[in-house]
Amino acid sequence: MGGAILDGLRAAAPAASVRATTRTSTANRPGVESRSTESDPGANRWAVEGASLVIVGVKPGGVIALLDDIADALDPDALVVSVAAGITTATMESVVPNPVVRSMPNTPALVGKGVTGVSAGSRATAAHMARARAVFELVGWVLELPEDRINALSTISGSGPAYVFHAMEQWTTAARELGFSDEHARHLVEKTFAGATALLDVSDVGPAELRRRVTSPNGTTERAIAVLDDAHLAEIYRAAAEAALARAEEMARELGH
Ligand SMILES: NC(=O)c1ccc[n+]([C@@H]2O[C@H](COP(=O)([O-])OP(=O)(O)OC[C@H]3O[C@@H](n4cnc5c(N)ncnc54)[C@H](OP(=O)(O)O)[C@@H]3O)[C@@H](O)[C@H]2O)c1
């Protein structure tokens, strides 16, 4: 995720001074100075010294130790933005004296089509939020929301790419069962999903109307949709969303926040 943001930053602001750290590998991106903590234990402190914006992209379990390490090396005005799931701004604020923002991007950020939720910590001003928004707008669309809504957002857009892939898997199986080869089944489904979302992108109507337009009365699509509706998919999706939300809340408790 950190790499996706880094690529977005490099593309949008090639002249910006960017430092990146990893644990074992090095970022190896043109125009990015990078160090690993394995070869330089002070790498994270080096990275944040004098920086006005610090993006924390480690796994949730590593955030507190990382913030603890960099706390007194941070510029007092630096904005700290975390992408870690389950780590609250209050927890971050208890470790660093800086303004903090919590975010929840999703993997299409890798291709500049991410959806990111951003929530302000208690010290973050409107200007800080504008800065955080601007970062994630480099890799897609951004929704600012109160922190108590970020798990709900994660349930929809954070996990969302997996739901789309899951639906594609089901349709690929159905295509194989209709006699298509693995390769043709994949192409039929993947290109149909990509085409449908591209069509939606340029349409001035939503998915319900676009669906209606392919569903002729008494036609083949209508029969398929009737089967899906009879399976009470709306309730199943609601139950799936509730399960993901419950797990997000459980994980936050496991992380102790
Ligand atoms: N993937 C998603 O869909 C997604 C969505 C939203 C939010 N997030 C959040 O993004 C964060 C990272 O997830 P990810 O999937 O991108 O994980 P990842 O691929 O494992 O990336 C973590 C990176 O942090 C580096 N790292 C670990 N400890 C470090 C330390 N102490 N100092 C400096 N660098 C360190 C790792 O370096 P090495 O590679 O050398 O180990 C790696 O480059 C998580 O907090 C997750 O909650 C992920």
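# Sheet, domains and loops of a predicted model

Biologist: In what order do the strands of the open sheet lie?
Modeller: The sheet is open, has five strands and shows mixed pairing. Strands here are DSSP runs of E with at least two residues, helices are runs of H or I with at least four, and both are numbered from the N terminus. Two strands pair if DSSP finds at least two bridges between them. On that basis the order is 3-4-5-6-7.

Biologist: Which strands are the edge strands of this sheet?
Modeller: An edge strand pairs on one side only. Two strands fit that description: strand 3 (53–56) and strand 7 (140–144).

Biologist: By what angle are neighbouring strands of this sheet turned against each other on average?
Modeller: Each axis is a line fitted to C-alpha atoms, and angles run from 0 to 180 degrees between N-to-C directions. For the neighbouring strands of this sheet the direction is ignored, and the average is 25°.

Biologist: What pLDDT do local features need in this model?
Modeller: Residues are numbered from 1 along each chain as its sequence is written. The model is predicted: side-chain atom pairs count only at pLDDT 80 or more, totals for chains, interfaces and linings use all residues, and local features need pLDDT of at least 70.

Biologist: Which residue in strand 4 stands opposite Val54?
Modeller: Strands pair through backbone hydrogen bonds, either parallel or antiparallel. Strand 3 and strand 4 run parallel and are joined by four bridges. The residue in strand 4 opposite Val54 is Val80.

Biologist: Which residues of strand 4 (residues 79–82) are buried?
Modeller: A residue is buried if 20 or more other C-beta atoms (placed from the backbone) lie within 10 Å of its own, exposed if 12 or fewer do, and partly exposed in between. Both faces of strand 4 are covered. The buried residues are Leu79 and Val81 on one side, and on the other Val80 and Ser82.

Biologist: Which residue in strand 7 stands opposite Gly117?
Modeller: Strand 6 (residues 114–120) runs parallel to strand 7, and five bridges join the two. Opposite Gly117 stands Leu143.

Biologist: How far apart are the C-alpha centres of domain 1 and domain 2?
Modeller: The bounds come from an automatic or database domain assignment. That assignment gives domain 1 (2–146) and domain 2 (160–250). The C-alpha trace of the whole protein chain spans about 70 × 35 × 35 Å along its principal axes. The two domain centres lie apart by 34 Å.

Biologist: What share of the residues of the protein chain counts as buried?
Modeller: The protein chain has 11 helices and seven strands. Of its 257 residues, the buried share is 28%.

Biologist: How many residues of helix 7 are buried?
Modeller: Helix 7 (residues 160–177) has 18 residues and reaches 26 Å from its first C-alpha to its last. The expected span, 1.5 Å times one less than the number of residues, is close to that reach, at 26 Å. Gly179, whose phi is positive, near 100°, follows the helix. Helix 7 is hardly covered, and its count of buried residues is zero.

Biologist: Which residue with a positive phi follows helix 10?
Modeller: None of the 11 residues of helix 10 is buried, so this helix lies largely in the open. The loop between helix 10 and helix 11 (233–254) holds a residue other than glycine with phi near 55°. That residue counts as exposed because it has 11 C-beta neighbours inside 10 Å. The residue is His232.

Biologist: Is Asn218 buried or exposed?
Modeller: Most residues other than glycine have a negative phi, and most peptide bonds are trans. Asn218 has a positive phi, near 60°, and lies in the loop between helix 9 (207–214) and helix 10 (220–230). Because it has 7 C-beta neighbours inside 10 Å, Asn218 counts as exposed.

Biologist: What distance separates the C-alpha atoms of Ala47 and Ile70?
Modeller: Ala47 is found in helix 2 (residues 43–48). It has 21 other C-beta atoms within 10 Å, so Ala47 is buried. Along the chain Ala47 and Ile70 are 23 residues apart, while their C-alpha atoms are separated by 9.1 Å.

Biologist: Which residues come nearest to the ligand?
Modeller: A residue is near a molecule if its C-beta atom, placed from the backbone, lies within 6 Å of it. Ala, Val, Leu, Ile, Met, Phe, Trp, Tyr, Cys and Pro count as nonpolar, Asp, Glu, Lys and Arg as charged, and the others, Gly among them, as polar. By these classes the shell around the ligand has nine nonpolar, 12 polar and two charged residues. Of the 23 residues around the ligand, those that come nearest are Met1, Thr22, Arg23, Ala84 and Ala85.
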